[in-house]
Amino acid sequence: MQTEENKETAGLLHMQDAPPFKEARIHIRRLYMLLPLCLMAFLMAIVAADTQATTIDEITDDGLAYTLISQKGARPYGDTLVIDRISVEGERQRIYHKDFNGLKPWKLGIADVDGDRKKELLIAVRKTTHFDPLEKNRMFIFQYDGEKLYKKWTGSQIAGVWNDFYAGNLLPIPGDELIFIEQVSGDEERISIYYWFDFGFVFLAASERYPDIKNISIRGENRLSITTAAEGQNQSRTLMVKSGKIIELIPNP
Ligand SMILES: [Ca+2]
């Protein structure tokens with residue numbers, strides 16, 4: 001049986017506990033009110049990030065910046081090419097804009113492929129062609145004269161199925177060479193080199209097959225450095241063109 005003293009003590013405790021419980025309820029109510037606002041801010045941030053123009057690739061050369069942009073946020077492909085003139089102070093002025101929507105451009109290169117001392121703009125796109133219904137990486141080559149972009153070469157097929165390209169002066173022949181990472185089979189790749197002759201590209205040489213080629217860089221005349229990966233291990237290799245083949249230079253032990 002509860003005594004009067006116990007009842008008073010219980011009442012006192014109840015009164016003492018009441019304010020913190022009340023405060024907690026107020027906090028929870030505030031949290032519930034804030035939750036939709038937080039959710040809305042989060043969704044707005046996602047929408048903003050998805051609609052913010054994103055640079056897919058950019059290359060600068062001779063005071064010009066060539067930029068592939070995706071107007072629809074982070075995407076693997078761009079939809080617009082812009083060219084900016086860069087002043088000595090580093091300020092940019094937009095001088096050209098072209099819609100590439102539907103062509104899925106993803107990489108830019110600058111090279112003088114035909115050796116006429118005028119540089120060409122190389123754009124890797126991903127598309128089908130009239131004769132090939134498969135969507136593949138394909139090369140578009142343009143010339144920019146300071147006002148307009150002219151198509152120089154848009155061969156539908158070069159280097160079979162390729163995953164990446166580099167352009168540079170590897171060999172002492174006129175013009176820069178195009179170097180591709182070609183997919184040979186499901187899990188094997190090789191390097192292939194093409195050079196410009198007359199009105200198009202001619203195959204020069206190919207390497208042996210490697211499991212995965214991650215990187216290419218030109219190290220000097222007829223010296224190509226690549227990184228291959230097998231079973232998680234990266235390996236750096238030096239290649240050169242010899243007798244119509246790309247061979248690997250094995251370092252002296
Ligand atoms: Ca040229």
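Aspartate 57 stands opposite leucine 68 of strand S2 in the predicted model. The two strands concerned, S1 (residues 54–61) and S2 (residues 64–70), run antiparallel to one another and are joined by seven bridges. They form a hairpin with two residues between the strands, and within this hairpin aspartate 62 adopts a positive phi near 50°.

These strands belong to a chain in which 16 strands are assigned alongside one helix. Of the 253 residues in the protein chain, 22% are buried. When contacts between residues at least 6 apart in sequence are considered, 28% of them join residues at least 24 apart.

A further set of strands, S5 to S8, was examined as a sheet. The arrangement is open and comprises four strands in the order S5-S6-S7-S8, paired in the antiparallel sense. Strand S5 (107–111) and strand S8 (149–153) occupy the edges; each has a single partner strand, and one side of each is therefore left without a neighbour in the sheet. Averaged over the sheet and with direction ignored, neighbouring strands are turned by 35° against each other. At the S5 edge, the antiparallel pairing with strand S6 (residues 120–127) extends over five bridges. Within this pairing, lysine 107 has alanine 124 of S6 as its bridge partner.

The largest nonpolar core was considered next. This core contains 39 residues, among which Phe165, Leu178, Ile179 and Ile193 touch the most other members. The element that gives the most to the core is strand S11 (residues 188–197), which supplies five residues. The surroundings of isoleucine 179 illustrate the packing in this region: with neighbours within four places in sequence left aside, isoleucine 179 is in contact with Phe165, Tyr166, Leu170, Ile191, Ile193 and Ile216. Two of these partners, Phe165 and Ile193, are themselves listed with isoleucine 179 among the residues that touch the most other core members.

Confidence was assessed along the chain. The mean pLDDT of the protein chain is 87, and a value of 70 or more is reached by 83% of its residues. Residues 9–13 contrast with this mean: pLDDT stays under 50 throughout that segment, and the model has zero contacts for these residues beyond four places in sequence.

How values were computed. Residues numbered from 1 in each chain as written. Predicted model: local features only at pLDDT ≥ 70, side-chain atom pairs only at ≥ 80, totals over all residues. Core = buried A, V, L, I, M, F, W, Y, C linked by C-beta atoms within 7 Å. Buried ≥ 20, exposed ≤ 12 C-beta atoms within 10 Å, placed from the backbone. Contact = placed C-beta atoms within 7 Å. Pairing = 2+ DSSP bridges. Axes fitted to C-alpha atoms, helices over the stretch in contact; angles between N-to-C directions. pLDDT = per-residue confidence, 0-100.
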